Amino acid sequence: QVQLVESGGGLVQTGESLTLSCAASGSIFSINAMGWYRQVPGKQRELVATVPSTGVTNYADSVKGRFTISRDNAKNTVYLQMSSLKPEDTAVYYCNAAIKTAIWRQAGTYWGQGTQVTVSS
């Protein structure tokens, strides 16, 4: 069983910063790409940023220059540092990981439960 647990959401003012964390645990053999997505009511979930096991990170145009994604492979954890936050960043943020399980070497995509980020104006 594999689980992704997010933390770090909350309520902040416009222009402030917030860091999200997501730790993967369970029967993990390897983790490929990890990422963050966000969703507001009535809209589709959208990509925020991704980081592969090795290589170049990828960001949505709306967050480039303000958000930074990183990962700690030793801790199976991905982070999202968000700065200069805007009201339009308000959403539920979900982490995502492409994981191969330890027991059957089965590859799958896993999601966290989501954490609310609210930016007030």
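How many helices and how many strands make up the secondary structure of this protein? The model shown above is a predicted one, and its secondary structure comes to 0 helices and 11 strands. Read from the N terminus on, the order of elements is β-β-β-β-β-β-β-β-β-β-β. A student who follows the chain through the model therefore passes from strand to strand, with 0 helices along the way.

The overall dimensions come next. Along the principal axes, the C-alpha atoms of the protein fill a box of roughly 50 × 25 × 25 Å. For 121 residues, a compact globule would have a radius of gyration near 14 Å, and the value for this protein, 14 Å, agrees with that expectation. The accessible surface amounts to about 6,600 Å², and carbon and sulfur atoms account for 49% of this surface. Of the 121 residues, 39% are buried. Among contacts with a separation of 6 or more, 56% join residues that are 24 or more positions apart.

One pair of rings illustrates how distant parts of the chain meet. The model contains 1 aromatic pair by the rule applied here. Tyr37 and Trp111 form this pair, and its geometry is edge-to-face, with 5.1 Å from centre to centre and 65 degrees between the planes. The term edge-to-face applies because the planes are over 60 degrees apart. Tyr37 belongs to strand 4, which covers residues 28-39, and Trp111 belongs to strand 10, which covers residues 107-111, so the pair ties together parts that lie 74 residues apart in sequence.

Are the two partners buried or partly exposed? Tyr37 has a relative accessibility of 19% and therefore counts as buried, since the term buried requires a value under 20%. Trp111, at 37% relative accessibility, counts as partly exposed. Trp111 also has a charged neighbour: the charged end of Arg45 sits over the ring of Trp111, 4.7 Å from the ring centre.

A further arrangement of charge and ring involves Phe29, a residue of strand 4. Arg105 lies over the face of Phe29, at 3.8 Å from the centre of the ring. Phe29 is partly exposed, with a relative accessible area of 46%, and Arg105 likewise counts as partly exposed, at 46% relative accessibility. Leaving out residues up to four places away in sequence, Phe29 touches Lys100, Thr101, Ala102 and Arg105. By contrast, the C-alpha atoms of Phe29 and Asn73 are 12 Å apart in space, while the two residues are 44 residues apart in sequence.

Arg105 deserves attention for its backbone as well. This residue is found in the loop between strand 9 and strand 10, and its phi is positive, about 50 degrees, although Arg105 is not a glycine. Ser84 is another residue other than glycine with a positive phi, here near 45 degrees. Ser84 is placed in the loop between strand 8 (77-82) and strand 9 (91-101). With a relative accessibility of 40%, Ser84 counts as partly exposed.

Two threonines complete the tour. What does Thr101, which has been named above as a neighbour of Phe29, touch besides that ring residue? Thr101 is placed in strand 9 and counts as buried at 13% relative accessibility. Apart from residues up to four places away in sequence, Thr101 touches Val2, Ser27, Phe29, Gln106 and Tyr110. The C-alpha atoms of Thr101 and Ser27 are separated by 5.5 Å, although the residues are 74 residues apart along the chain.

Thr77 is found in strand 8. At 7% relative accessibility, Thr77 counts as buried. The side chain of Thr77 reaches the backbone oxygen of Lys75 at 2.9 Å. Once neighbours within four places in sequence are set aside, Thr77 is in contact with Cys22, Ala23, Met34, Ser70, Arg71 and Asp72.

Definitions and conventions
Residues numbered from 1 in each chain as written. Predicted model: local features only at pLDDT ≥ 70, side-chain atom pairs only at ≥ 80, totals over all residues. Heavy atoms only, no water. Phe/Tyr/Trp six-rings, centres within 6.5 Å; stacked < 30°, edge-to-face > 60°. Helix = DSSP H or I, 4+ residues; strand = E, 2+ residues; numbered from the N terminus. Buried < 20%, exposed > 50% of the residue type's maximum accessible area, 1.4 Å probe, protein only. Lys NZ or Arg CZ within 6 Å of the ring centre and 35° of its normal. Rg over C-alpha atoms; globule rule 2.2 N^0.38 Å. Contact = heavy atoms within 4.5 Å. Areas by Shrake-Rupley, 256 points an atom, 1.4 Å probe, with all protein chains shown as cover. Polar contact = N/O pair within 3.5 Å; in protein donor to acceptor, adjacent residues only side chain to side chain.
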